[in-house]
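Dear colleague,

Please find below the structure that I am handing over to you. My notes on what was found in it follow.

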Amino acid sequence: MIKLHVIPPAFGLRNTGPFGLKCEMALRHLDQDFELVPEADPRSAPKGKLPYMEDEGEVVADSELILQHLDRKTNGGLYGHLSDRELADGVAFTRLVEEHLYWTVVAARWLDDAWWPHVVSGFFGSLPFPLRQIVPRLARRQVRQTYWLQGLGRHTLDEQKGFARRDLDALARRLGAGPFLLGEKLSVFDFGIASLLAGAVDNQPATWATAIIREYPPVVDFAERVQGAVGAYCRERV
Ligand SMILES: N[C@@H](CCC(=O)N[C@@H](CS)C(=O)NCC(=O)O)C(=O)O
C-alpha cells in the first residue's frame, strides 16, 4: 500500500502541511489505497522536507513530483484531460500560492512572537528537555533566514501583508468565475491551492494570515468547496 509521509497533526489540523494534504487529496481523488505516516522530523525525509511517498519500493519526495508519479501510474488521471491553457493557468496559480503566499503563511506562524508558543507546543511539544528549549530556537532562526533569502522577510509586516493581499486578490478575482480554479471541473490544481488556504484559515488559534485570507470570501468558500468535493478536510473537526 502507498505510504504518504506527512507533518503530524497540530493546531487543530489533521494533515498539517499543505503539500501533504494536496497529495492526500490526489490519492483520494484517484481512489488509491494509502496510509498517512506522520513524521515529527522533516530531516528524516529524503530531501529534508515533507511530504514524501513510498509506492511499491519507489520513494518520491516533493508534492509536485508525487502528483507526476500518480499521474503516470493512472495513465493521466490528474493532468491527462487538461488543455495547454489549463495547464499553464494551473501551474501559474499554483506557483503564486505555493511559492509566494505560502511564505507569508509560514511567517505568520513562525515569526510572530504572539503565535510562536503555539509553534513550540504544536511542532516540538514531544521533545524531551533540554531539546525542547534548543531545537525550536534553531528551527526558528532557519525559518527567519529562509524568509529573508526568499525576499519577503526584508519587508515591514505591513508590506508583507500587502503582498499577501495582492496574491489573494488575484486568486479571488480568478475564483470569482468558479466554482473551481479552471471553471466547472475540479482539477489537480485545486488540491494544492485549497490545501494551503484551508490550513491557514483553520489553524487554531488564528494567525495574521488567517485574518487576511478571511477578507476574501470567494477564496475561503473555494477552499471549503474543494475539501468537500474530495472528502478530505484539513481541520480535525468538520
Ligand atoms: N516543494 C515541496 C515543499 C515541501 C515543504 O516545504 N514542506 C515543509 C512543510 S509544509 C517542510 O517539510 N519543511 C521543513 C524544512 O524546510 O526544514 C513540496 O511541494 O513537497
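How do the residues of the shell around the ligand divide into nonpolar, polar and charged? There are seven nonpolar, two polar and two charged residues in that shell. Here Ala, Val, Leu, Ile, Met, Phe, Trp, Tyr, Cys and Pro count as nonpolar, Asp, Glu, Lys and Arg as charged, and the others, Gly among them, as polar.

Please note that this is a predicted model, in which local features need pLDDT of at least 70 and side-chain atom pairs pLDDT 80 or more, while totals for chains, interfaces and linings use all residues. Residues are numbered from 1 along each chain as its sequence is written, and side-chain values use heavy atoms, with hydrogens and water left out.

The residues around the ligand (a heavy atom within 4 Å of it) include Phe19, Lys49, Leu50, Asp62, Ser63 and Tyr102. Three of these residues can be described further by their N or O atoms:

- The side chain of lysine 49 has an N or O atom 3.3 Å from an oxygen atom of the ligand.
- Leucine 50 places a backbone N or O atom 2.8 Å from a nitrogen atom of the ligand.
- In serine 63, a polar side-chain atom is 2.5 Å from an oxygen atom of the ligand.

The ligand taken alone exposes 510 Å², and the protein buries 75% of that (accessible areas by the Shrake-Rupley method with a 1.4 Å probe; for residues, only the protein chains shown count as cover).

Yours sincerely

How values were computed
Polar contact = N/O pair within 3.5 Å; in protein donor to acceptor, adjacent residues only side chain to side chain.
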